[in-house]
Amino acid sequence: SYEASYVKKATSVFTKEEVETFLDSVDYSSYWLVRKAVVVIALVGDLRCIDVKEMNIEDVEKSEEGSWVTYSGIRTKKQGGENSCSPFLVPYPLASHIDVYFTALADALPIVTGPLIKATRCVKDSTGVGMKRSFTSHSMGMNAIYRFGSDIAKHLQLNNPSSYTGRCFRRLNETLHWNCEVRCLDLGELKGVTPQPNLDAFGESSRSWRGPNTGSGTDEGPSSSST
């Protein structure tokens with residue numbers, strides 16, 4: 001048949017330890033800030049990276065518990081199969097990565113509104129000689145967002161990084177649902193949503209889950225004009 005020579009592409013999924021390493025060790029340049037924010041939203045929200053592209057800044061609401069995120073796109077059959085505007089909670093300390101991202105946006109842009117995932121570009125630094133990355137007001141491209149998993153795998157020096165697709169964090173969410181106890185917080189009473197996986201057990205020994213290291217770091221991202 002026409003499928004005789006077809007070889008199914010194997011996809012990979014990060015472990016919770018690998019996600020911890022990424023959130024804890026990567027420098028907080030703009031290139032990685034946006035990727036960290038997308039990772040925690042996709043992981044907790046059971047979303048693909050590309051689903052987060054549909055969100056706007058206004059879909060994220062900060063609270064004492066963390067960040068409430070509203071995804072109004074088309075859900076998969078497993079998620080209900082229809083539009084859903086029910087917010088989900090990205091709890092602290094995971095939400096600290098969203099906070100740092102929003103702070104960086106406020107420093108780089110006169111008005112922080114519109115698409116949630118902002119593109120970055122290379123600009124001259126304060127010396128006028130070197131280059132650094134800075135956020136733009138435009139949405140990042142779909143292809144760049146789809147490569148987030150691969151970008152992170154390359155940084156972690158994992159085998160076959162191209163096998164880490166934009167779905168890998170949704171698949172890790174499913175693993176956590178099966179392997180971890182559901183969080184004890186009654187989120188249903190708070191915002192009318194179902195409980196999330198027990199992310200409190202997600203590498204408590206790692207400082208990344210108690211809040212990011214906000215050191216200046218260096219920009220490890222590619223040098224293309226907008227990614």
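Start with the whole protein chain: of its 227 residues, 47% are buried (under 20% relative accessible area; over 50% is exposed and anything in between partly exposed, using a 1.4 Å probe and protein chains only). What you have open is a predicted model, where local features need pLDDT of at least 70, side-chain atom pairs count only at pLDDT 80 or more, and totals for chains, interfaces and linings use all residues. Residues are numbered from 1 along each chain as its sequence is written, and side-chain values use heavy atoms, with hydrogens and water left out.

**Colour by confidence**

Now colour the chain by pLDDT, the predictor's confidence in each residue, from 0 to 100. The average for the protein chain is 74, and 64% of the residues score at least 70. Select residues 180-195 next: pLDDT is below 50 here, and the model gives this stretch 29 contacts beyond near neighbours in sequence (a contact means heavy atoms within 4.5 Å). Another stretch to pick is residues 76-81, where pLDDT stays under 50 and the model has nine contacts beyond four places in sequence.

**Switch to cartoon view**

You should find eight helices and five strands in the protein chain. These are DSSP runs numbered from the N terminus: helices are H or I with at least four residues, strands are E with at least two. Walk along the sequence and the pattern reads α-α-α-β-β-β-α-β-β-α-α-α-α. Which element has the highest mean pLDDT, and which the lowest? Strand E1 (residues 60-62) has the highest at 95, while helix H8 (residues 187-191) has the lowest at 37.

**Select H2 and H4**

Pick helix H2 (residues 30-45) together with helix H4 (residues 96-108): their axes are 8 Å apart and they pack at an angle of about 145 degrees. Axes are lines fitted to C-alpha atoms, for helices over the stretch in contact, and angles run from 0 to 180 degrees between N-to-C directions. Show side chains and look for Leu33, Val34, Lys36, Ala37, Val40 and Ile41 on H2, meeting His97, Ile98, Val100, Tyr101 and Ala104 on H4. The residues of this H2–H4 contact split into nine nonpolar, one polar and one charged. For those classes, Ala, Val, Leu, Ile, Met, Phe, Trp, Tyr, Cys and Pro count as nonpolar, Asp, Glu, Lys and Arg as charged, and the others, Gly among them, as polar.

**Keep H2, add H6**

Swap H4 for helix H6 (residues 148-155): the axes of H2 and H6 come within 11 Å and cross at roughly 115 degrees. On the H2 side, the contact uses Tyr31, Trp32, Val34, Arg35, Val38 and Val39; on the H6 side, Phe148, Asp151, Ile152 and His155. By class, that makes seven nonpolar, one polar and two charged residues.

**Zoom in on Val52**

Head to helix H3 (residues 49-53), where you'll find Val52. Is Val52 buried or exposed? Val52 counts as buried because its relative accessibility is 0%. Beyond its neighbours within four places in sequence, Val52 touches Val38, Ile41, Ala42, Leu47, Leu116 and Ile117. Try a distance too: from Val52 to Val39, C-alpha to C-alpha, is 9.5 Å, with their positions 13 residues apart in sequence.

**Last stop: Cys49 and Cys168**

How many disulfides does the whole structure have? A search finds zero, a disulfide being a pair of cysteine sulfur atoms within 2.5 Å. Select Cys49 and you'll see why: its closest cysteine sulfur, in Cys168, is 5.9 Å away, so it's too far for a bond. Cys49 is buried, at 1% relative accessibility, and Cys168 is buried with a relative accessible area of 1%.
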